[in-house]
Amino acid sequence: MPDMERWPTGRLLSTAARLVEHAWNEKLRGMGLTHAGVIVMEVLAVKGPTTQSMLAQIVRVQAQTMGKTLSRLEAHGHVSRARGISDRRSQVVSLTEAGGRTLGLATQLEREVLEPVPVDTAKLRRELQALVRELANNHPAAVVNVIVAAADSGASPDDVPD
């Protein structure tokens, strides 16, 4: 690996994020989940039953992509879908009781990914949150609002469920 002492901070952050996500996805695979699926389940846990199209908007993916993610989550019993009452064309998605338990396990698995790392992860989280907030407050671009809004909803505009 090249001398990381010379890497820009952005490269360090993005490399660390990819490595954590890869390790987490490896652990999630055994539960029939991906990082993207966990994001959807987190949104459902916070917002409650939500239409498929609204989930796609919140997570910032195409409705077709969301449909594929939901099919996998439904096949594993993590979510259920039902026709909307007011609009029979829409699908209302709910987190199942089993999905809620699985989400708790997935959250624990994320912690386990970082356990062997000699870093104060609580402090790291606080510092990353401060970094995100400060950069967002000092950046006039509209895309920053999209990024922060997605993060506040438990989603990520760059996460494309697979």
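Is Gln 52 buried or exposed? At 16% relative accessibility, Gln 52 falls in the buried class, where buried means under 20% relative accessible area, exposed means over 50%, and partly exposed covers what lies in between (1.4 Å probe, protein chains only). The model is a predicted one, so local features need pLDDT of at least 70 and side-chain atom pairs count only at pLDDT 80 or more, while totals for chains, interfaces and linings use all residues. Residues are numbered from 1 along each chain as its sequence is written, and side-chain values use heavy atoms, with hydrogens and water left out.

First, the overall layout. The chain holds seven helices and three strands; both kinds of element are DSSP runs numbered from the N terminus, with at least four residues (H or I) for a helix and at least two (E) for a strand. Going along the sequence, the pattern reads α-α-β-α-α-β-β-α-α-α. The chain has 162 residues, of which 30% count as buried. It exposes about 10400 Å², and carbon and sulfur atoms supply 56% of that; accessible areas come from the Shrake-Rupley method with a 1.4 Å probe, and for residues only the protein chains shown count as cover. Contacts (heavy atoms within 4.5 Å) give another view of the fold: among those between residues at least 6 apart in sequence, 55% join residues at least 24 apart.

Next comes the sheet. Its three strands form an open sheet in the order S1-S3-S2, with antiparallel pairing. Strand S1 (50-51) and strand S2 (79-83) sit at the edges, each pairing on one side only. Strands of a sheet pair through backbone hydrogen bonds, either parallel or antiparallel. Here, two strands are taken to pair if DSSP finds at least two bridges between them. S2 and strand S3 (residues 91-95) run antiparallel and are joined by five bridges. Within this part of the sheet, Arg 83 stands opposite Gln 91 in S3. Helix H4 lies across S2 and S3, running at about 115° to S2; axes are lines fitted to C-alpha atoms, for helices over the stretch in contact, and angles run from 0 to 180 degrees between N-to-C directions.

That brings the story back to Gln 52, which lies in helix H3. Leaving out residues up to four places away in sequence, Gln 52 touches Ala 63, Met 66, Gly 67, Leu 70, Arg 81, Gln 91 and Val 93. A little further along, Arg 60 is found in the loop between helix H3 (52-59) and helix H4 (63-75). Arg 60 is not a glycine, yet it has a positive phi of about 65°. With a relative accessible area of 35%, Arg 60 is partly exposed.

On the outside, a nonpolar surface patch of about 530 Å² is built from Leu 13, Val 117, Val 119, Leu 124, Leu 128, Leu 131 and Leu 135. Patches take in residues with over 30% relative accessible area and no salt bridge, joining like charges within 9 Å and nonpolar side chains (Val, Leu, Ile, Met, Phe, Trp, Tyr) within 5 Å. Helix H6 (residues 121-137) gives the largest share of this patch, four residues. Val 117, one of the patch members, is in the loop between helix H5 (97-114) and H6, and is partly exposed at a relative accessible area of 36%.

Finally, the charged pairs. The whole structure contains five salt bridges, each defined as a side-chain nitrogen of Lys or Arg within 4 Å of a carboxyl oxygen of Asp or Glu. One of them links Arg 29 and Glu 26, with the closest N and O atoms 3.1 Å apart. These two residues are three apart in helix H1 (residues 9-29), so about one helical turn separates them. Arg 29 is exposed at 53% relative accessibility, whereas Glu 26 is partly exposed at 40%.

In helix H5, Glu 97 and Arg 101 are four residues apart, about one turn of the helix. Their salt bridge brings the closest N and O atoms to 3.3 Å. Glu 97 is exposed, with a relative accessible area of 67%, and Arg 101 is exposed as well, at 52%.

Helix H6 holds Lys 123 and Glu 127, again four residues apart and about one turn of the helix. Their side chains meet in a salt bridge (3.9 Å, N to O). Lys 123 is partly exposed at 43% relative accessible area, and Glu 127 is partly exposed at 45%.
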